[in-house]
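Take a walk through this model, starting from a single side chain and working outward to the whole chain.

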Amino acid sequence: MAKSTVLPFELPSQFSPDPLTEVIQAGARELLRTAIQAEVSGFIADYAHLLDDEGRQRLVRHGFLPERRMMTGIGPVPVHVPRVRDRGANADGSKSRFTSKIVPPYLRKAKSVEELLPWLYLKGISTGDFGEALAALLGPDAEGLSSSTITRLKATWWEEYEAWRKRDLADKRYVYIWADGVYFTPRLDGDRQCMLVIIGADEYGEKDVLTIMDGFRENADSWRDLLRRLKKRGLNVPPELAIGDGALGFWTALRDVFPETREQRCWVHKTANVTGAMPKPLRDRAKSDLQDIWMAETKKEANAAFDLFVETYGVKYERAVKKLTKDRDQLLSFYDFPAEHWKHIRTTNPIESVFATVRNRTRKTKGCLNRKTALAMVFRLMMSAKKKWRKISGPNRLPEIIQGVAFKDGIKQIQIAV
């Protein structure tokens, strides 16, 4: 019989035809071809006035370069880049050459794929599993994206970090800075690694990573070295407010390097420290009472809630209450800044939220991770994460802070001329 009723068996690991993906890839090929053709036509038109010795147009099409397969977010797309021949020469003897800006020489992966690779690695995919993971995302023809690609990427990350940490900051003005030291343990080192990180908010409300430095501990010397490096790179104008946890090392260093900067203790860290010194059954209630302090509408109400907390818990839990009272003024500094900014400057969440992913990666990775690799990985993660950071609310208030305008309970104080 010509026809068979036997259905072919497909292994689960094999990919079934996807008509939608095929249509999208075909459209991408045609669109890319049209764009490159338009690019080369524009290039030739720009040099149409150049003629050779025989009066002919010097620059003409000359076939195509060998086909390249570009790895994109929709799978591999073949590319034919046209050749351009120069039948003459410039005054210095050189030839005019065509170089596509859409598909530069040697480019094999689209930018979206380049961004995908570090995120997969940082999210916990081991290098040995990359082939399978990328095949599932980009299709079975995702060749050239093996574990060796990640090895090369990590070397590139370190080079990018070295260039980034030396960049000039002289043209920047940061109003707020967040500082924190985050610990985790690399696989190839026995000691815990401390990443000292500072994030800043500039006069336009944009958040940026100022510096990331590797340290063995969060002491004053390490922080002092980091802050002096920032000053050497051009950060000469002190920030108006620094936000951090209760680690004495940072605050000691800040007073040495930027004594004019005001201090704000992180309420998330302080809440954890205070409730951690209390019995477990009491922690939820204490946490709610602490929230009444930093959620108060005015500084007067916050002080009243502060006094009530001390009166309520001070007798039985003196140690826990001392952790709170020793930083009383610094915990309430945010009331002297615009109310629109309070949700940003009461905690170090901009740093903590990013490093949650770093900790997750160091727990999941099956490969080796040394201190240098960890630092490069943290840098790459933060560079990717900052693209999604939102501006500070009420950015119009930032120039007023720089000008020295006074705020009370988050409200701008109007000075009446006498």
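R173 counts as buried because its relative accessibility is 13%, under the 20% cut-off for that class. This is a predicted model. Where does R173 sit? Its place is the loop between α4 (147–164) and β5 (174–184). An arginine in a loop, then, and a buried one.

What does the R173 side chain meet? A polar contact of 3.0 Å joins it to the side chain of E240. The wider surroundings of R173 can be listed too. Leaving aside residues up to four places away in sequence, R173 touches A201, D202, E203, V237, P238, P239, E240 and I402. E240 thus appears both in this list and as the polar partner.

Next, a strand. M195 lies in β6, which covers residues 193–202. Is M195 buried or exposed? M195 counts as buried because its relative accessibility is 0%. Look also at Y183. M195 and Y183 are 12 residues apart in sequence. In space, their C-alpha atoms are 6.4 Å apart. The strand β6 also links back to the arginine: its range, 193–202, takes in A201 and D202, two of the residues that R173 touches.

Now turn to a helix. Helix α5 spans residues 220–232 and has 13 residues. From its first C-alpha to its last, α5 reaches 18 Å, close to the 18 Å expected at 1.5 Å a residue. Which residues of α5 are buried? They are A220, S222, W223, R224, L226, L227 and L230. An α-helix has 3.6 residues a turn, so residues three or four places apart point the same way. Try that spacing on W223, L226, L227 and L230, which are among the buried residues of α5. Just after the helix, G234 takes a positive phi of about 120°.

Step back to the whole chain. The protein chain has 15 helices and 11 strands. Of its 418 residues, 44% are buried. The accessible surface comes to about 23,200 Å², and carbon and sulfur atoms account for 53% of it. Contacts reach across the sequence. Among those with a separation of 6 or more, 66% are between residues 24 or more positions apart.

Last, confidence. The average pLDDT of the protein chain is 80, and 72% of the residues score at least 70. Over residues 11–16 the pLDDT is below 50, and this stretch has 4 contacts in the model beyond near neighbours in sequence. Residues 364–368 are also below 50, with 8 such contacts.

Key. Residues numbered from 1 in each chain as written. Heavy atoms only, no water. Helix = DSSP H or I, 4+ residues; strand = E, 2+ residues; numbered from the N terminus. Buried < 20%, exposed > 50% of the residue type's maximum accessible area, 1.4 Å probe, protein only. Contact = heavy atoms within 4.5 Å. Areas by Shrake-Rupley, 256 points an atom, 1.4 Å probe, with all protein chains shown as cover. pLDDT = per-residue confidence, 0-100. Expected span 1.5 Å × (residues − 1). Polar contact = N/O pair within 3.5 Å; in protein donor to acceptor, adjacent residues only side chain to side chain.
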